[in-house]
Amino acid sequence: MLSAEEPVAPSVDVEQLLNSHERSTKVEKEVPLTLDMGSLAAFDISAIDSAKMGTGKDRSKFIKDLTRDNTQLLFNAIFSLPTTVVERSVCVNLPKPTTRLPREKRIPEEKMLTKWEAFAKRKGIQKKKRTRMVYDEVAKEYRPRFGYNRAGSDKEQNWVVEVPENGDPYKDWLGEKDDKKKENVAKNELQRLQNVSKRVKGQSEEINQHVKQVHKSTASLGKFQEKNKNEKKAKEKGKTRKFAPVTGDSTGEKAQNLALISKIASGGVSVNKDKAGDKELGATIKR
């Protein structure tokens, strides 16, 4: 038996609680949302009644409720997707996105090929990956191909050089070998610098082309556009057509028309009279 001093627990209507919870997850809209499950995005294209929106706190409450309903519809769609269990976690399999989003940065352009890369591509030469270790015949062991203690780097191997049959026996063949090595190194460095210069020149020309396009985008086609320091005047490419003035002395126009009439009258211009007559007859019938 309960005493009068003990508090009585309030009665809870379980059915009412379940119904209120069910209503919180079920949202009905006249215009359904446009859902992109691949991007986890929802778009509400329904019109907003300004009278229901109100002002001040009412507007904030209206926007909050609208956002909550749309978010609930998005989560309902997520829970309806097929799921898989990965490491005791339930994961949803999202479809491919349907909304095309713009890139943050432009698509990177292909780098300019070096002279050797262009030659290899033209000839179909495939780059083959060589092993790092090679067998040294003199040391009778495997050594790195490049770097410290590489194969063929022992000084004992270079103490003698084979002289050709017709070679000068008094010539410094060891010094010539070192000179050829230095020459090859200098040649490779020169080719590298030429490739860098070619790539930088191509980028510079592209930047200048963009600057010219920006200057011509004004109403005056860049005539009154301020130029940067040390910027050269852009050269106009192509032919420019020149038209006669529409005002002023009409002597030149009159002479030009008279010359055209005399040329037609003298038979210098061939005119297909049948075709011209048919064209005029057709125009008359349409009227």
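## A partly exposed tyrosine

In this predicted model, Y135 is partly exposed, because its relative accessible area of 39% falls between the 20% below which a residue counts as buried and the 50% above which it counts as exposed. Y135 is also a member of an aromatic pair, and its partner is described further below, once the pair in helix α3 has been introduced.

## Aromatic pairs

The structure contains three aromatic pairs. One of them joins F75 and F79, whose ring centres are 6.4 Å apart and whose planes meet at 45 degrees, so this pair is classed as tilted. Both residues belong to helix α3, where a spacing of four residues places F75 and F79 about one helical turn apart. As for their surroundings, F75 is partly exposed, with a relative accessible area of 41%, whereas F79 is exposed, with a value of 65%.

Another aromatic pair is made by Y135 and Y142, which are arranged edge-to-face, with 5.2 Å from centre to centre and 65 degrees between the planes. Y142 counts as exposed, since its relative accessibility is 58%, while its partner Y135 is partly exposed at 39%.

## A buried glutamine in helix α3

Helix α3, which covers residues 57–79, also includes Q72. With a relative accessible area of 17%, Q72 is buried, because the cut-off for that class is under 20%. When neighbours within four places in sequence are set aside, the residues in contact with Q72 are S24, T25 and V27.

Definitions and conventions. Residues numbered from 1 in each chain as written. Predicted model: local features only at pLDDT ≥ 70, side-chain atom pairs only at ≥ 80, totals over all residues. Heavy atoms only, no water. Helix = DSSP H or I, 4+ residues; strand = E, 2+ residues; numbered from the N terminus. Buried < 20%, exposed > 50% of the residue type's maximum accessible area, 1.4 Å probe, protein only. Contact = heavy atoms within 4.5 Å. Phe/Tyr/Trp six-rings, centres within 6.5 Å; stacked < 30°, edge-to-face > 60°.
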